[in-house]
Amino acid sequence: MDVLVVGAGPTGLCLASQLQAYGTPFRIIDRHLDRAHESRALAVQPRTLEVLAPLGVAEAMVRNGNPAVRAQMHFGDRVVSIPLFDIGADDTPYPYLLFLSQAETERILDEHLTAGGTTVERGTELVDYTAQDGGLTCTLRHGDGRTEQVQARYIAGCDGAHSTVRNLAGIPFAGRAYPQTFVLADLNAAGVEAGAVHSFISGEGMLFLFPLGQPAPWRVLAMRGRADPTPAEDPVSLADVQALCDRYTHGLVRLDSPVWMTNFRLHNRGATHHRAGPAFLAGDAAHIHSPAGAQGMNTGIQDAINLGWKLALVCAGAAPGLLDTYEPERGPVGRLVLRTTDRLFTFATSTNGVLRFVRTSVVPHLARLAIRARKLRGYAFRVIAELALQYRSSPASTEGPRAPRRGPRAGDRLPDAPVTSDGTTSTLHEMVAAPGFHLLLCGPDSAWPDGVPADIAGRYPRFLTVHRVSAVGAPARLVSDRPMQYLVRPDGYLGYRAGGTDLAGLHSYLDRWLGPETRREGA
């Protein structure tokens, strides 16, 4: 076995799906006997859907989810309606925020793994692991009390805030708990417009209504007052939730038919490292924070996608140094999410007089201005949608000679657009969906003789697919009147780009990260 995946939430299931796509030997275990059936996380960002599309699960998620394209902000009697993803999202096939319960997300991913021949080993927990002779000996305990020792090259901790992998690796989990108690409830709500995200903003805090669909039409998220002595472990009644809702909505919204209700506390904590030798952390094992901006599950899934292809390629013979890029790429993302969500959460819940005034009196005017500030709103939505995330400072992002001044740079996400490659019309994302790296040779046909693509692909037969691209629609801007080279990583980001037909820089990049031993003998 090459990889032991610990934890079968959305992060672990996505990592396992990546390893399955590459044919990497692995096992996935989870100490719980069943997957989540509560809604928990509920929003899937456009970029998350993009990275899941090559696995074949994004369309199933869209079919089962509820796409939202507008938000309504309620300030007492004033309501400001703000369109979501109407601008700044013309280069993605998913220009919306998809509301899908975590239970449904896990079900879809679990069924995908099962269809590929993988079974999650539930009721099985990691007890210990030791590193020796370039590998790991992991001790597992099964539900019947039986223990088992297994060998693995790497272990991935996707096992949540109380991660066993993180604790065994000795990685600190620094941060704090917020003092407030919150209420979550999945139920029916009458009195608000369907299909929109609703936020009720007051001096006391905020209440949100999200259009969930399944297992209930709406999700309510509300903050209890700071003076409310209700312990987080106490059960929640419909009357409790209705009382909170009345306080924030002034009786506008009536609730009924609850499916799930709970009190909970929020934390803001992050692992000081995402890796310790052969052990890696992803998702809540690496960072937990408030749900502001709907970043939590999405950040974990993108951790898994980033780590998954690197583990798979290294286990198949690529350069081990490829794994050294996981921390520099995902560590800053996790820290940024922790900082950003903390600031948003503090602003939304603070009892400070100045912040209360800004929240109730200034924000309504700023919201109206935001509707007219199209460029700023487009940028903000791209950040929230995680379409603006980039790895330009990564050691695995290289600008080659004569790189173009316009268009996506090395480390940037590959935008989607219509494309014509070798006479076939498709989209960029569909063209690069197969596992491995994809090299786009752009520009005039005369620049790339017929034998060039096959010759390059033949040098790295297990890891590289080459496309000769003759036309790319807006807004990708990849094709000009001179030849260009764009190397797309397995996670859809550009690893290398250059101008001209000299491929020496490309081969140097591939040899460094894939390892010269992966080249075809004699190439």
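Let's start with Arg47: a polar atom of its side chain lies 2.9 Å from the backbone oxygen of Asp491. I'd call that a polar contact, meaning a pair of N or O atoms within 3.5 Å, where within protein one must be able to donate a hydrogen and the other to accept it, and residues adjacent in sequence count only if both atoms are side-chain atoms.

Before going on, a word on the source. This is a predicted model, where local features need pLDDT of at least 70 and side-chain atom pairs count only at pLDDT 80 or more, while totals for chains, interfaces and linings use all residues. Residues are numbered from 1 along each chain as its sequence is written, and side-chain values use heavy atoms, with hydrogens and water left out.

Back to Arg47. You'll find Arg47 in helix α2, residues 46–52. Helices here are DSSP runs of H or I with at least four residues, strands are runs of E with at least two, and both are numbered from the N terminus. Is Arg47 buried or exposed? Arg47 is buried, because its relative accessible area is 3%; buried means under 20%, exposed over 50%, and partly exposed in between, with a 1.4 Å probe and protein chains only. Leaving aside residues up to four places away in sequence, Arg47 touches Gln302, Ala385, Glu386, Leu387, Arg413, Asp491, Gly492 and Tyr493. Contact here means heavy atoms within 4.5 Å.

Just along the chain is Pro54, in the loop between α2 and α3 (58–64). Pro54 counts as partly exposed because its relative accessible area is 43%. Pro54 and Asp34 are 20 residues apart along the chain, and their C-alpha atoms are separated by 26 Å.

Next, Leu33. This residue sits in the loop between β2 (26–30) and β3 (43–44). Leu33 is exposed, because its relative accessibility is 72%. Its contacts, again not counting residues up to four places away in sequence, are Arg122 and Gly123. How far apart in space are Leu33 and Gly500? From C-alpha to C-alpha they are 56 Å apart, with their places 467 residues apart in sequence.

Now Thr137, in strand β10, residues 135–141. Thr137 is buried because its relative accessible area is 9%. Its side chain makes a polar contact of 2.9 Å with the side chain of Gln132. Outside residues up to four places away in sequence, Thr137 touches Asp128, Tyr129, Thr130, Gln132, Gln149, Val150 and Gln151. The C-alpha atoms of Thr137 and Gly495 are separated by 34 Å, at 358 residues apart along the chain.

Let's talk about backbone angles. Most residues other than glycine have a negative phi. Ser257 is not a glycine, yet its phi is positive, at about 55 degrees. Ser257 belongs to strand β17, residues 254–271, and is partly exposed because its relative accessibility is 48%. Arg402, also a residue other than glycine, has a positive phi near 60 degrees. You can spot Arg402 in the loop between β21 (398–399) and β22 (418–421), and Arg402 counts as exposed because its relative accessibility is 58%. There is a glycine to show you as well: Gly515, just after α13, takes a positive phi of about 90 degrees.

Helix α13 itself covers residues 504–514, and its buried residues are Leu506, His507, Tyr509, Leu510, Asp511, Trp513 and Leu514. An α-helix has 3.6 residues a turn, so residues three or four places apart point the same way.

One more helix residue: Ala380, in α10, residues 374–384. Ala380 is partly exposed because its relative accessible area is 32%. The C-alpha atoms of Ala380 and Thr424 are separated by 35 Å, and the two residues are 44 apart along the chain.

Finally, the whole chain. The protein chain has 13 helices and 27 strands. Along its principal axes, the C-alpha trace spans about 75 × 60 × 40 Å. Of the 523 residues, 55% count as buried. Among contacts between residues at least 6 apart in sequence, 72% join residues at least 24 apart.

Thanks, and happy to look at any of these residues together on the screen.
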